[in-house]
Amino acid sequence: MRRVAGWVQLEEVWRRSGAAGYLFLATAVLILLSGFINPGFVTPVHLLNLMRQAVPLGLVAIGQTLAILTAGVDLSVGSVVILTN
């Protein structure tokens, strides 16, 4: 059986991704399922709104990751998120 080069590369990426690959797959399945249930979910305006809401939390998560990696724990993250949203 002949294998297509693109599929071999995709399999290699999937194997190396580990748990992150499963999270990405679960997110993609949820978005597709939501799109089938409610077609208005996958409109560009709605997806842009979702990204706008996720960016502040993502930035705080990156900052918290850096704080934990440097052996510090910043307990003010929760209050910062509440004040910014």
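How many salt bridges does a search of the whole structure find? The search finds two. The points below start from the overall fold of this predicted model and return to those salt bridges.

1. Overall make-up. The protein chain has four helices and zero strands. Read along the sequence, the pattern is therefore written α-α-α-α. Of the 85 residues in the chain, 7% are buried. The accessible surface of the chain is about 7,400 Å², and carbon and sulfur atoms account for 74% of that surface.

2. First salt bridge. In one of the two salt bridges, the side chain of Arg15 meets that of Glu12, with 3.0 Å from N to O. This pair counts as a salt bridge because a side-chain nitrogen of Arg lies within 4 Å of a carboxyl oxygen of Glu. Both residues belong to helix 1, which covers residues 5-17. Arg15 and Glu12 are three residues apart there, so about one helical turn separates them. Arg15 is exposed, at 61% relative accessibility, whereas Glu12 is partly exposed, with a relative accessible area of 27%.

3. Second salt bridge. Glu12 also meets the side chain of Arg16 in a salt bridge, at 2.6 Å from N to O. Here the two residues are four apart in helix 1, so they too are separated by about one helical turn. Arg16 has a relative accessible area of 68%, which means that Arg16 counts as exposed. Through shared partners, the salt bridges join Glu12, Arg15 and Arg16 into one network.

4. Trp14. Helix 1 also holds Trp14. Is this residue buried, partly exposed or exposed? Trp14 has a relative accessible area of 37%, so Trp14 is partly exposed. When neighbours within four places in sequence are left aside, Trp14 is in contact with Gly21, Tyr22 and Leu25.

5. Length and bend of helix 3. Helix 3 runs over residues 44-69. What span should its 26 residues have at 1.5 Å a residue? The expected value is 38 Å, and the end C-alpha atoms are 36 Å apart, which agrees. Helix 3 does bend, by about 30 degrees at Val55. A proline, Pro56, follows within four residues of that position. Just after the helix, Ala71 takes a positive phi of about 65 degrees.

6. Buried and exposed residues of helix 3. Which residues of helix 3 are buried? Among them are Val60, Gln64 and Ala67. Each of these therefore has under 20% relative accessible area. Ile62 also lies in helix 3, but Ile62 is exposed, because its relative accessible area is 52%.

7. Nonpolar patch. Ile62 is one of the residues that make a nonpolar surface patch of about 540 Å². The other members of the patch are Val55, Leu59, Leu66 and Leu69. Val55 thus appears twice in this note: as a member of the patch, and as the residue where helix 3 bends.

8. In short. The salt-bridge network joins Glu12, Arg15 and Arg16. For helix 3, the main items to check in the 3D view are the bend at Val55, the buried Val60, Gln64 and Ala67, and the nonpolar patch that includes Ile62.

Terms used. Residues numbered from 1 in each chain as written. Predicted model: local features only at pLDDT ≥ 70, side-chain atom pairs only at ≥ 80, totals over all residues. Heavy atoms only, no water. Buried < 20%, exposed > 50% of the residue type's maximum accessible area, 1.4 Å probe, protein only. Patch = residues over 30% accessible without salt bridge, like charges linked within 9 Å, V, L, I, M, F, W, Y side chains within 5 Å. Areas by Shrake-Rupley, 256 points an atom, 1.4 Å probe, with all protein chains shown as cover. Expected span 1.5 Å × (residues − 1). Bend = angle between axes of the 7 residues up to and from the residue. Contact = heavy atoms within 4.5 Å.
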